[in-house]
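Reader: I am new to this structure and would be grateful for a close look at one part of it, the place where the ligand is held. Please describe the surroundings of the ligand and the empty spaces in the protein.

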Amino acid sequence: MNKKYRKVIIAGNWKMNMLPSQVRPFLDELRAGIPAATHGCSVVLCVPATHLAALSREKSRRIAMGAQNISHFDKGAHTGEISADMIADLGARYCIVGHSERRADNGDTDEIVNAKLRILLEKGITPILCVGESLEQRDRDLTIEFISYQVKAALYGLTPDQVKKVVIAYEPIWAIGTGRTATDEQAQEVCFAIRELLRREYGALISRKVCILYGGSMNAKNCAGLLAQPDIDGGLIGGASLKPADFAVIVREGSRE
Ligand code: PGA
């Protein structure tokens with residue numbers, strides 16, 4: 001964390017879990033476990049689209065609302081899709097884009113990820129752009145090369161001013177939901193490489209401002225070491241964000257002054 005230049009973001013990714021009726025009891029427990037002032041740390045919950053209304057009714061000052069996906073179309077004849085305007089109307093301030101599960105299961109290509117980023121930025125919603133290598137890519141020493149490619153493809157054509165508003169989450173695929181976390185050093189190495197890439201492409205001022213998160217089996221036990229790294233500005237947390245007590249520990253760590 002480097003709170004001098006950037007805020008910290010602790011974002012939960014509920015994926016396809018929990019029910020809308022569970023939002024309220026979850027928040028009650030979470031609120032009881034986190035500090036009244038979160039000192040430069042934004043807490044975000046990215047819930048399924050069906051849970052957004054329940055979360056927006058809670059009007060939490062300390063917990064911002066996030067979605068997990070939007071359509072890459074603006075509006076119109078796209079049965080089953082949900083637009084950026086729709087989630088914005090409910091009060092969503094963040095939205096995950098390019099999660100590896102969507103890239104693998106739903107055909108989100110680099111072009112689609114780029115289109116979604118553009119729409120979100122136009123609508124004033126902060127994108128949380130996910131990038132991450134497979135185990136095979138890591139074993140073949142292709143991690144930095146592949147991550148650089150993914151970041152460049154996703155940010156293609158954005159202005160430096162837009163890039164500044166994107167949150168990037170480094171999520172090695174082999175660490176997601178597996179209980180196998182990247183070591184502090186492995187995570188820092190890639191997050192640093194992303195910042196270096198941003199510096200080369202957009203300049204030092206922009207690269208210093210972009211929040212870079214780590215995601216992949218981050219939990220109450222390992223969060224302190226990861227968040228202590230200079231280029232890791234928070235976490236995108238799946239499994240551990242479903243347990244209010246565990247998620248609260250991570251928020252408390254991110255809220256340290
Ligand atoms: P995990 O998921 O914390 O359960 O590994 C992280 C993510 O996929 O965002």
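Author: The account below begins with the ligand and then turns to the pockets, the cavity and one loop.

The model is a predicted one. In it, 13 residues surround the ligand. The closest of these are K15, H99, E171, G177 and S217. By class, this shell is made up of seven polar, four nonpolar and two charged residues.

Three of the contacts with the ligand may be described atom by atom. E171 takes part through its side chain, a polar atom of which lies 2.7 Å from an oxygen atom of the ligand. G177 takes part through its backbone, where a polar atom is 2.7 Å from an oxygen atom of the ligand. S217 also contributes a backbone atom, an N or O, which lies 2.7 Å from an oxygen atom of the ligand. On its own the ligand has 280 Å² of accessible area, and the protein covers 95% of this.

Where, then, does the ligand sit among the pockets of the protein? The ligand is placed in the second largest pocket. The space in this pocket amounts to about 200 Å³. Its lining consists of 17 residues, and those nearest the centre are G177, G216, S217, G238 and G239. G177 and S217 thus appear here as well as among the residues closest to the ligand. The lining of the second largest pocket divides into ten polar, five nonpolar and two charged residues.

The largest pocket may be considered next. About 470 Å³ of space lies within the largest pocket. It is lined by 21 residues, and K15, P48, Q68, N69 and R102 are the closest to its centre. K15 is therefore a residue to note, because it is listed both here and among the residues closest to the ligand, where being near is judged by a heavy atom within 4 Å. The element that gives the most to the lining of the largest pocket is α4, with three residues. By class, this lining holds eight nonpolar, eight polar and five charged residues.

Enclosed space is a separate matter. Rolling a probe the size of a water molecule over the atoms shows where empty space remains. One cavity of 30 Å³ or more is present in the structure. The largest cavity holds about 50 Å³ of space. Its lining is formed by G98, S100, R103, C130, V131, G132, Q150, E171, I173 and I176. E171 therefore has a place in this lining as well as a side-chain atom directed to the ligand contact already described. Both α4 (100-105) and β5 (126-131) supply at least two residues each to the lining of the largest cavity. By class, four residues of this lining are nonpolar, four are polar and two are charged.

Finally, the backbone of K15 deserves attention. K15 is found in the loop between β1 (8-13) and α1 (23-33). Its phi is near 50°, a positive value in a residue other than glycine. M18 has its place in the loop between β1 and α1 too. M18 is not a glycine either, yet its phi is positive, at about 70°.

Methods. Residues numbered from 1 in each chain as written. Predicted model: local features only at pLDDT ≥ 70, side-chain atom pairs only at ≥ 80, totals over all residues. Heavy atoms only, no water. Polar contact = N/O pair within 3.5 Å; in protein donor to acceptor, adjacent residues only side chain to side chain. Areas by Shrake-Rupley, 256 points an atom, 1.4 Å probe, with all protein chains shown as cover. 1 Å grid on protein atoms, 1.4 Å probe; cavity = no way out; pocket = protein on both sides within 12 Å on 5 of 7 lines; lining within 4 Å. Sits in = over half its atoms within 2 Å of the grid points. Nonpolar A, V, L, I, M, F, W, Y, C, P; charged D, E, K, R; others polar. Points joined across faces, edges and corners; volume = space filled by probe spheres on them. Helix = DSSP H or I, 4+ residues; strand = E, 2+ residues; numbered from the N terminus.
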